[in-house]
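This report goes through selected parts of one protein chain. Please keep the sequence and the structure open while reading.

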Amino acid sequence: MIINKSYFFLWFLCTLSLVTWGKKKPITIFDLRCENLINPLAIDNQHPHLSWKITAPEVTMKQRYFQIQVASDSTSLAKKNLADRWDSGKIQSSASIMIPYSGQELRPRTQSYWRVRVWNEKNQASAWSPINRFGIGIIADDKLQGQFIGLSGIQSPLLRKQFKLTKLSPTLIHINALGYYELYVNGKKVSTDILAPAVSHLDKRSLITTYDIKPYLQIGDNSVVLWLGTAWFKPTTGFNVKFNGAVVRAQIDILNHKEWTTIIKTDNSWEASASGYRDTGSWNALAFGGERIDANLNPSDMATNTLNKRKWIPAEQVAIPAGLATPQMNEPNKIQATQIAKNIKPLEASSWLIDMGKALNGWFEIKLTGLLPNQEIKVEYSDHLDQQGNFQDQGQSDTYIASGKPEEVFINKFNHHAFQYVRISNVQTAPHLPNIRGYLIHTDFRTTSSFSCSDTDLNAIHDMIQYTMRNLSFGGYQVDCPHLERAGYGGDGNSSTNTFQTMFDVSPLFNNWIQAWSDSMREGGSLPHVAPNPGAGGGGPYWCGFFVMAPWRTHVNYADSRLIKRYYEEMKMWMGYVDKHTVDGLLKRWPDTKYRDWFLGDWLAPAGVDAGNQMSVDLVNNCFISECLGTMEKIARFLNKPTEAASFADRKNKLNTLLHKTFFNSTTNSYATGSQLDMSYPMLVGATPIDKMETVKTKLMELTAEKHQNHIAVGLVGVPILTQWAVDQKATDFMYTMLKKRDYPGYLHMIDNGASTTWEYWSGERSRIHNCYNGIGTWFYQAVAGIRPDENYPGYQHVNIMPQIPTGVTWTKSHVDSPYGKIAVNWYINKDKLTVEIEIPIGSSATFTAPDNTIIIKCNGKKVQDAKTLDLTNGTHRVELKI
């Protein structure tokens with residue numbers, strides 16, 4: 001009897017084990033990317049890179065093999081396992097990021113379908129991933145076949161082509177608009193994209209966007225409409241624009257017997273009709289204006305029967321100077337959030353002040369009733385009120401001419417505004433708050449980070465910066481501000497790149513933006529301060545050198561080396577331009593040009609900081625050149641150019657020696673003016689001798705306390721440099737004390753004065769949606785959470801976890817979604833014990849370093865003897881430390 005019970009128990013355990021194994025989650029492949037895009041229909045090259053992420057039940061699984069299949073037909077791939085373009089076979093590799101395609105040559109205007117599977121170290125295979133798609137766009141010798149068409153003097157025409165189909169086949173439309181456009185097929189808007197395409201340097205390049213329109217087509221009669229806006233394509237912008245009106249060219253291709261054939265292209269057989277939209281601004285700085293919208297001239301809907309009632313004339317073929325036209329390589333703009341108005345109050349007769357509750361960049365919508373035919377409504381926008389609560393005119397306004405229908409809706413289409421407050425005039429009755437909306441617009445990138453801690457002030461600062469980044473990043477670049485200048489300043493970009501790339505998945509955006517910088521380069525390697533570059537913008541070397549720093553940071557943060565490979569030679573050209581203006585070893589002011597002016601060091605530091613002092617300007621700019629030389633050394637080594645790397649390293653060492661000799665005052669133990677930037681930058685770039693580091697560090701803290709009462713005292717250039725210095729030096733309470741200041745200058749000063757986005761000036765002048773002081777954002781992740789990428793293993797393949805604990809903060813929760821997956825660090829203090837919970841994705845590893853004044857006592861429940869560091873594999877870990 002005892003034997004039978006034992007047998008039964010053993011049988012039960014075995015059965016339970018089998019059931020449990022049967023329910024065990026499989027190895028799963030997800031988030032497939034081609035060129036870091038999801039299912040791109042048209043990329044700009046014939047050698048794409050493929051990426052994926054992995055989840056698995058095993059805590060410490062490692063990918064040991066992968067197999068990629070690429071086919072011309074998705075059905076054959078799925079059902080017949082037919083990979084006619086590339087079957088990699090089972091490749092031994094742990095790589096899963098930016099794997100180069102290695103199959104048969106891919107021709108322009110072709111579509112491919114791909115999938116991947118992997119094996120772990122036990123040789124257990126995943127299922128095949130879902131099948132994804134990518135296409136090769138119109139590139140190389142394959143030219144877009146349509147002619148540019150438009151209507152002279154008309155900024156926003158409707159362009160239409162009607163045609164018949166006897167059968168439905170896969171169908172793509174390739175659109176090359178020099179301004180904005182919207183696409184409609186058979187009365188329906190294609191996609192939720194808006195304000196398309198992305199920006200480019202129009203004197204050299206325009207972008208092609210591609211859509212799959214088969215779902216919108218029908219057998220029989222069909223109609224395609226392109227509704228245009230001019231955007232940057234204006235004679236007033238500084239680009240070489242001669243035609244007064246919006247233009248586009250396009251072609252429609254169908255797949256017929258495995259070949260793509262063009263069936264329609266733009267020419268004067270298309271019909272044109274003027275709409276009621278037009279821009280009111282020149283799109284120069286401080287003159288972006290808005291839209292004048294005549295509802296009487298706009299279609300009530302886009303149905304063919306409705307459009308047939310309009311007056312149509314032949315479209316004009318427009319001669320446009322030859323330039324590059326290449327596929328857009330970043331995500332489109334989309335509406336990302338909806339904000340309902342929070343308050344409305346009357347002003348003078350028939351005018352109303354609307355408060356949206358928070359600042360946003362995007363569109364404004366309002367439903368109105370009881371308007372008379374041709375009644376003109378004026379809508380003005382501002383990001384803040386003055387101290388007396390009065391509306392601040394920022395040159396942003398729209399005009400709406402009513403149709404007289406019982407209910408009318410005003411909404412933007414081909415422009416956008418940055419605002420919290422809206423003044424609406426010539427409306428007799430108060431609009432209802434639920435009928436008033438703002439739409440946040442930005443490029444369709446993903447938020448890939450989160451941060452919270454026990455200090456609500458830190459949370460508020462972090463959230464303000466993260467939200468600001470979303471408001472500044474649209475059209476495939478990042479601007480200083482969306483409303484006043486709308487310019488892709490390199491200094492603003494340099495200041496915020498690490499914050500932006502830590503918080504969001506924006507590798508494609510940088511791909512587009514850096515392309516514009518390359519296109520904006522002038523003879524001899526000279527660069528502007530702004531790209532795209534329709535006209536002069538102020539700045540200095542820190543602005544131009546964005547072209548060096550951003551590609552490297554994109555490589556480090558995303559393991560995306562395309563930019564450093566593609567533009568390395570041009571980076572060297574700019575470094576050569578720097579050499580031409582170097583005197584006795586130090587860079588001096590170069591000449592202003594029609595595309596660039598000023599020669600700044602720091603910019604918009606708070607009152608009392610002499611950022612314009614020539615000693616400071618020279619020190620800051622030459623420290624930046626030292627940083628660029630160090631970056632060029634790292635790029636050259638990655639590209640296997642050891643001789644060039646050694647040359648850059650030697651030049652950096654010589655410059656650092658000269659920097660200390662020229663700018664260090666041994667009597668006061670300070671550099672140049674003794675500002676926070678002047679003191680921290682030489683230490684950051686290695687110009688300060690090791691034996692002087694503690695002395696200079698101590699002096700910086702003394703000056704901060706004595707001269708600035710422990711407030712932050714840097715501007716656009718200084719914020720990220722002081723931040724990185726503080727992270728590297730573990731000056732945690734130094735930074736924390738500055739962030740906690742509630743008076744001027746400081747982030748809490750902004751928040752206490754109603755800010756939801758960061759300002760242009762610490763005092764709140766001019767723009768209050770601005771990219772000036774956002775470089776502090778990395779401190780929350782790299783210092784407090786301790787998540788720091790390892791430059792030697794880019795894309796967080798290896799990550800350093802090094803939390804720094806501000807005095808008084810008792811817990812932190814944070815994560816960063818890396819190219820490999822989620823990296824999370826949560827720590828909390830309970831009496832004399834610190835517990836750190838860490839999550840590392842498959843494909844990554846980590847080194848954990850204990851915070852100062854702590855000792856590791858346990859890892860995953862096992863005792864550890866007096867350790868300060870731990871090597872961690874992927875999976876979840878619990879580290880306990882004694883304080």
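## Strands β46 and β49

In this predicted model, strand β46 (residues 845-849) runs antiparallel to β49, and four bridges join the two. Within the pair, T849 stands opposite T869 of β49.

Strand β49 covers residues 869-872, and its side chains alternate between two faces. L870 and L872 point to one face and are buried, whereas T869 and D871 point to the other face and are not buried.

## The four-stranded sheet

Both strands belong to an open sheet of four strands, ordered β41-β42-β46-β49, in which the pairing is mixed. Its edge strands are β41 (787-789) and β49, each of which pairs on one side only. From one strand to the next, the twist averages 25°.

At the β41 end, the pairing of β41 with strand β42 (residues 798-801) is antiparallel and runs over three bridges. There, R788 stands opposite N800 of β42.

## The seven-stranded sheet

Another open sheet has seven strands in the order β33-β43-β44-β45-β50-β47-β48, with antiparallel pairing. The strands at its edges are β33 (449-453) and β48 (862-867), and each pairs on one side only. If direction is ignored, neighbouring strands of this sheet are turned by 15° against each other on average.

One pair in this sheet is formed by strand β47 (residues 855-859) and strand β50 (residues 875-882), which are antiparallel and share four bridges. In this pair I856 stands opposite L881 of β50.

## Helix α17, the sheet and helix α4

Helix α17 lies across three strands, namely β33, β43 (811-818) and β44 (821-830). Relative to β43, α17 runs at about 115°.

Helix α17 (residues 777-785) also meets helix α4 (residues 456-472): the two axes come within 8 Å and cross at roughly 125°. The two helices are therefore oblique to each other. On the α4 side, the contact is made by L458, I461, H462, I465 and Q466. On the α17 side, G777, W779, F780 and Y781 take part. Sorted by class, this contact of α4 with α17 has six nonpolar and three polar residues, and no charged ones.

## Two residues in helices: S680 and T643

Is S680 buried or exposed? S680 sits in helix α12 (residues 676-685). Its relative accessible area is 0%, so S680 is buried, the cut-off for buried being under 20%. Apart from neighbours within four places in sequence, S680 is in contact with L700, I721, L722 and W725.

T643 is part of helix α11 (residues 642-663). Its relative accessibility is 66%, so T643 counts as exposed, the cut-off for exposed being over 50%. E633 lies ten residues from T643 along the chain, and the C-alpha atoms of these two residues are separated by 9.7 Å.

## Confidence

How far can the coordinates be read? For the protein chain the average pLDDT is 95, and 97% of the residues score at least 70. Residues 1-22 have a pLDDT below 50. Beyond near neighbours in sequence, this stretch has one contact in the model. Predicted coordinates should not be read in detail where pLDDT is low.

Definitions and conventions. Residues numbered from 1 in each chain as written. Predicted model: local features only at pLDDT ≥ 70, side-chain atom pairs only at ≥ 80, totals over all residues. Heavy atoms only, no water. pLDDT = per-residue confidence, 0-100. Contact = heavy atoms within 4.5 Å. Axes fitted to C-alpha atoms, helices over the stretch in contact; angles between N-to-C directions. Parallel < 35°, antiparallel > 145°, perpendicular 65-115°, else oblique. Nonpolar A, V, L, I, M, F, W, Y, C, P; charged D, E, K, R; others polar. Buried < 20%, exposed > 50% of the residue type's maximum accessible area, 1.4 Å probe, protein only. Pairing = 2+ DSSP bridges.
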